[in-house]
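Look at how two helices pack against each other. Then look at how the two chains are related, and at one loop residue.

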2 protein chains.
Amino acid sequence: MAEKKLGKQTVNFAQGPYVIGSAAVGGEKEGEGPLKSWFDLILDDDTFGEKTWEKAESKILKETMLLALQKSGKDKKDIDLVLSGDLLNQIMSSSFMARDLHLPFLGLYGACSTMTESLLLGSMLTDGGFAHNIIVGASSHFCTAERQFRMPVEHGNQRPPSAQWTATAAGSMLVSDQMVDLSKIGSVDDKQKIVNPRNIQVDCGTIGKVIDAGVKDANQMGSAMAPAAVDTILNHLEDTGRTIDYYDLVLTGDLGYIGKDIATDLLIDAGLDANAVKERYDDCGTMLYYREEQDVHGGGSGCGCSASVFCGNIINRMRKGELNKVLLVSTGAMLSTLSPFQGESIPGIAHGVVLETC
Amino acid sequence: MAEKKLGKQTVNFAQGPYVIGSAAVGGEKEGEGPLKSWFDLILDDDTFGEKTWEKAESKILKETMLLALQKSGKDKKDIDLVLSGDLLNQIMSSSFMARDLHLPFLGLYGACSTMTESLLLGSMLTDGGFAHNIIVGASSHFCTAERQFRMPVEHGNQRPPSAQWTATAAGSMLVSDQMVDLSKIGSVDDKQKIVNPRNIQVDCGTIGKVIDAGVKDANQMGSAMAPAAVDTILNHLEDTGRTIDYYDLVLTGDLGYIGKDIATDLLIDAGLDANAVKERYDDCGTMLYYREEQDVHGGGSGCGCSASVFCGNIINRMRKGELNKVLLVSTGAMLSTLSPFQGESIPGIAHGVVLETC
């Protein structure tokens, strides 16, 4: 049996686990962005027919998970466990989703790093033999985040150019210990009409540390999270003995335009090949919206940013074989509305997961 | 290899993982209760020398983890991962603890079920081969919880008799894939002077579902959580084929006096032997304080309630051989300050973990 622990922070899977289904749901704004064709569902109305934004976010997460389940060809009775989290106090969206799905549930909080946290834990638990099929996921909603962390949405407050836009979106994957015959699952390629879809396995993952660069400005989330992303990527490369050009794509979660520039500089400063970094590194927060036309200032953010980009765009490009080895690194900023008032800085955390076609 | 999945919700460990260290820290009030002799550290002052209660709670959690580490005989460099959570928005106590410990970290949120959530995940990840040593834990603080969920502490609001008292406490265990020679670890029995301490292994665990009994009164947490505790216990017994008298003790987290009575009735109604239930079932929320003298109304609650009772009293009674087979079931209530205003009820969740001496 292959060693399951590589170096200090990386866990390794010999064969599988497999991502046998995935789904991404986006809000109105996300559905007008450059990735619109990769969403399984785009909301006509960000309330999703609910009376509150929080209920809407919870429903978005639930529907995304049910779509991922449906696309995997599995039934709800095949699911052993749901792992998810969100940005709301006491992960309200996930908690009520889990009540409605009525499946065993472990709640997570990794701020915007939750998508890879859930994927990494789901992969370890299936590979460890504790579950056959696990639904993992994460969500965010512009209106729930805005009013919880910043200002009443109705206030229409002016945002500094560095502020990022919390995505109204969710992503979910179904992680399984068994590969499925994708040709027999009609629904997997309905949206993108993928011919001969590839299987995708989780190769390894790197668990992040909380890294504090001393940033105290809540409108500079990219700067706050970039050092954590870089720390995780560098530890990942060291633990695995790989170079960045092993990957077709290294994708951080939601550093946005400023954070992506900082991460790029830090990776190059750390000795990585500059051309390889520029060719292979990107950030979901810079991919989800049209920068100028959609007026998102610093780029996209929120758990749903990386979750929907990974589970929509990336997974489907892997299914098509356009991408074969991808390092996903969701990035989170550890702050509450209280912590900055107590003089705390905003530390970041980032977890990495490697997906490969097989 | 033994089957690692038993029934629908239970995971099974063939041998180990082992609880090789544990620590419990309590606040002033907890240190005056019936379990005072089981704490490793009792605070003279619930601020713990910090300027804010939130910083104090984070420090309590960190110190508890460092005590568990010290008592295990391991070094910080031996630790692969920290798993923890708390009740604060965006798990502020755990996030800043993880920043200070600077170890790989996965944040959890299970409300007051977090102690068994972290222990269960830590056990699966070590048993799965992804880590050798994991620190797990949870914390709560009366003052941080009171002002976040209820009223300004200075307001001194009157509490209804059913309201529970959030414990200022933390508990932590060190879960390892290897048993240690306890006789060589001087510190493990310093506090309780345990002669010939027993090793403790995690036998199995049951992952809970979010169960909604429709309770809407935030001063009736025990009633809200009891159905989830009972659901997990009944599923656990069904999955393992055991009866309640297999255990020396079945201990729920923080149902308090009312919730414990409800859980007792529900377990007996479900067909369990009434005498066995009354003999073997107890609740941490009824153990942590003197009911009348300490004026705690409904009993203890908070992540730190079950965490400190499990990691102090229970683990040490197991080390002594007074208890040999224990089912721990931390119980959480899924609510935020917002959810009741949106008409939501308060669903509960409970995760079970079986510890056995070996």
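In this predicted model, helices α1(A) and α2(A) are oblique to each other, because their angle falls outside the other classes (under 35 degrees roughly parallel, over 145 roughly antiparallel, 65 to 115 roughly perpendicular). Their axes come within 8 Å and cross at roughly 55°. The crossing is right-handed, meaning that the near helix is turned clockwise from the far one by less than a right angle.

The table shows the residues of each helix that meet the other, with contact meaning heavy atoms within 4.5 Å.

| Helix | Residue range | Residues in the contact |
|---|---|---|
| α1(A) | residues 53–72 | E54(A), E57(A), S58(A), L61(A), K62(A), M65(A) and L66(A) |
| α2(A) | residues 92–101 | M92(A), S93(A), S94(A), F96(A), M97(A), D100(A) and L101(A) |

The residues of this contact divide into 7 nonpolar, 3 polar and 4 charged.

Now the two chains. A turn of 180° and a shift of 0.0 Å along the axis lay chain B on chain A with an RMSD of 0.0 Å. That is the relation of a two-fold axis. The copies meet through the same surface, because 100% of the interface residues of chain B are also interface residues in chain A.

Finally, where does N324(A) lie? The loop between α8 (303–320) and β14 (325–333) of chain A holds N324(A). N324(A) has 29% relative accessibility, so it counts as partly exposed (between buried, under 20%, and exposed, over 50%). Its contacts include D248(A), M318(A) and L355(A).

Residues are numbered from 1 along each chain, and chains are lettered from A in the order in which they are written. Local features need pLDDT of at least 70, side-chain atom pairs count only at pLDDT 80 or more, and totals for chains, interfaces and linings use all residues, while side-chain values use heavy atoms, without hydrogens and water.

Notes
Axes fitted to C-alpha atoms, helices over the stretch in contact; angles between N-to-C directions. Helix = DSSP H or I, 4+ residues; strand = E, 2+ residues; numbered from the N terminus. Nonpolar A, V, L, I, M, F, W, Y, C, P; charged D, E, K, R; others polar. Least-squares fit on C-alpha atoms with pLDDT ≥ 70 in both. Buried < 20%, exposed > 50% of the residue type's maximum accessible area, 1.4 Å probe, protein only. Lists of a residue's contacts leave out its neighbours within four places in sequence.
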